[in-house]
Amino acid sequence: MAESGRRRPTIEDVARESGVSRGTVSRVLNGGHWVSDDARVAVEQAIKRTGYRPNPHARSLATSRANSIAFLLTESQDRLFEDPNFSVLMRGAAEALAERDLPLVLLMAGSDAEQRRATEFISGGHVDGALLVSSHRGREGFLADLVAADVPVIACGIPLGYERKIGYVTVDDVDGARQMVAHLRDSGRRRIATITGPADTSGGIGRLEGYRAELGEDFDPTLVVEGDYSRASGVRGMRELLRRAPDLDAVFASNDVMASGALEVLREAGRRVPEDVAVAGFDDAPIASRLEPGLTTMRQPFDRVAHEMVRLLLDVIDGRVAARVTLPAELVVRDSA
């Protein structure tokens, strides 16, 4: 029985004394899953020093898993609705988890405040792990907290800076871009421009690398503009390319949404597609087949990506080493190129 007037030590006291998160303390108390040996020892010593004793009723409620998984999207809310790939991935993940009777929880983490709240929520044991979608180099500091807390995470795409600490499922962006540029060259195109993805993402980096490698000595940096995967950046990029190189005869956009913006600009400029300028994208998002003309693109197997992410995450939750899977992209030829 606690002494009269003395406050009973809490999990927060143990966390402060041990120098770890509240979520890590909770996981140690509930069996030590996903906790490093150093963190476990620190928590056990802090428990002795503080005199903490778990509430048996509360602990009985916490001994089982949360039985839910987070879909952690590190983009702004408007991007969630603009980019159709996110909804396709989320639906695929939800379907894969439904087969195991596990719900999917959407967490937005596009801002610093959202990342802080998401980290606290995940580390607090409210979910058993997270599917990380669209990580950016330089904005991934919150991942350090998740890694330090031994939270199971699997990324969609290569998590730059954490390639050896977090498992992932990715499409071969380099080879996909090479296939597309080779297709355009085989079609007789010689001035092939590109609107890249963001330079702080694995997709943006890989697709530019493939574009450049396939062109070899014909690579011309004036034919390269950077986009951010939004339609507006496709519009801006295409206008800039026409200003720089009015003689271009093809443009490869790093996603289909930017390609749709490029098509709009070419129509406004009186350029026929594909007669004057061929246009190609990447993803084979639902918009690709609805555009006029239909968009030639590289198909990402999003349903397979989502299912593989779920499989790898559940493996990590069960104590297996995180795996890394690379899937091929497939050339889909339509009327635009």
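## Notes on a three-domain predicted model

1. Let's start with the overall count: the secondary structure comes to 14 helices and 12 strands. Keep in mind from here on that this is a predicted model. Along its principal axes, the C-alpha trace spans about 85 × 35 × 30 Å. Of the 337 residues in the protein, 53% count as buried. Now take the contacts between residues at least 6 apart in sequence: 73% of these join residues at least 24 apart.

2. Next, the domains. Domain 1 covers 1-52, and domain 3 covers 173-299. Domain 2 is written in two pieces, 69-171 + 302-327. If you scroll along the sequence, you'll see that domain 3 sits between those two pieces of domain 2.

3. How do domain 1 and domain 2 meet? Their C-alpha centres lie 28 Å apart. Seven residues of domain 1 are in contact with nine residues of domain 2. The size of an interface is often given as the accessible area lost when the parts come together. Here the buried area is about 640 Å², and carbon and sulfur atoms give 44% of it. On the domain 1 side, the residues that touch domain 2 divide into two nonpolar, four polar and one charged.

4. Which links does the rule find across that interface? It finds zero salt bridges between domain 1 and domain 2. It does find one residue pair in polar contact, with both residues at pLDDT 80 or more.

5. Staying in domain 1, have a look at helix α1, residues 11-18. Its buried residues are Ile11, Asp13, Val14, Ala15 and Ser18. What covers them includes α2 (22-29) and α3. After α1 comes Gly19, whose phi is positive, near 80°.

6. Helix α3 has a salt bridge that is worth finding on screen. Arg40 pairs with Glu44, and the closest N and O atoms are 3.3 Å apart. Both residues lie in α3 (residues 37-50), four residues apart, which is about one turn of the helix. An α-helix has 3.6 residues a turn, so residues three or four places apart point the same way. Is Arg40 buried, partly exposed or exposed? Arg40 counts as partly exposed because its relative accessibility is 31%. Glu44 is partly exposed too, with a relative accessible area of 35%.

7. The structure holds 22 salt bridges, and another one to look at joins Glu264 and Arg231. Their side chains meet at 2.6 Å, N to O. This pair links distant parts of the chain, with Glu264 in helix α12 (residues 256-268) and Arg231 in helix α11 (residues 231-244), 33 residues apart. Arg231 has a relative accessible area of 33%, so it is partly exposed.

8. Helix α14 gives us one more pair. Glu308 forms a salt bridge with Arg311, with the closest N and O atoms 2.8 Å apart. The two are separated by about one helical turn because they are three residues apart in α14 (residues 302-317). Their surroundings differ in class: Glu308, at 17% relative accessibility, counts as buried, whereas Arg311, at 35%, counts as partly exposed. Salt bridges that share partners join Glu308, Arg311, Asp315, Asp318 and Arg320 into one network.

9. Loops deserve a look as well. Thr201 is in the loop between β6 (192-196) and α10 (202-215). Is Thr201 buried or exposed? Its relative accessibility is 6%, so Thr201 counts as buried. Which residues does Thr201 touch, leaving aside its neighbours within four places in sequence? They are Ser135, His136, Leu160 and Tyr229.

10. For a contrast, go to Glu292, in the loop between α13 (286-290) and β10 (297-299). Glu292 counts as exposed because its relative accessibility is 64%, and the cut-off for exposed is over 50%. Glu292 and Asp335 are 43 residues apart along the chain, and their C-alpha atoms are separated by 8.5 Å.

Notes. Residues are numbered from 1 along each chain as its sequence is written. This is a predicted model: local features need pLDDT of at least 70, side-chain atom pairs count only at pLDDT 80 or more; totals for chains, interfaces and linings use all residues. Side-chain values use heavy atoms; hydrogens and water are left out. Domain bounds come from an automatic or database domain assignment. Contact means heavy atoms within 4.5 Å. Buried area is the accessible area (1.4 Å probe) that two parts lose on being put together, summed over both. A salt bridge is a side-chain nitrogen of Lys or Arg within 4 Å of a carboxyl oxygen of Asp or Glu. A polar contact is a pair of N or O atoms within 3.5 Å; within protein, one must be able to donate a hydrogen and the other to accept it, and residues adjacent in sequence count only if both atoms are side-chain atoms. Ala, Val, Leu, Ile, Met, Phe, Trp, Tyr, Cys and Pro count as nonpolar, Asp, Glu, Lys and Arg as charged, and the others, Gly among them, as polar. Buried means under 20% relative accessible area, exposed over 50%, partly exposed in between (1.4 Å probe, protein chains only).
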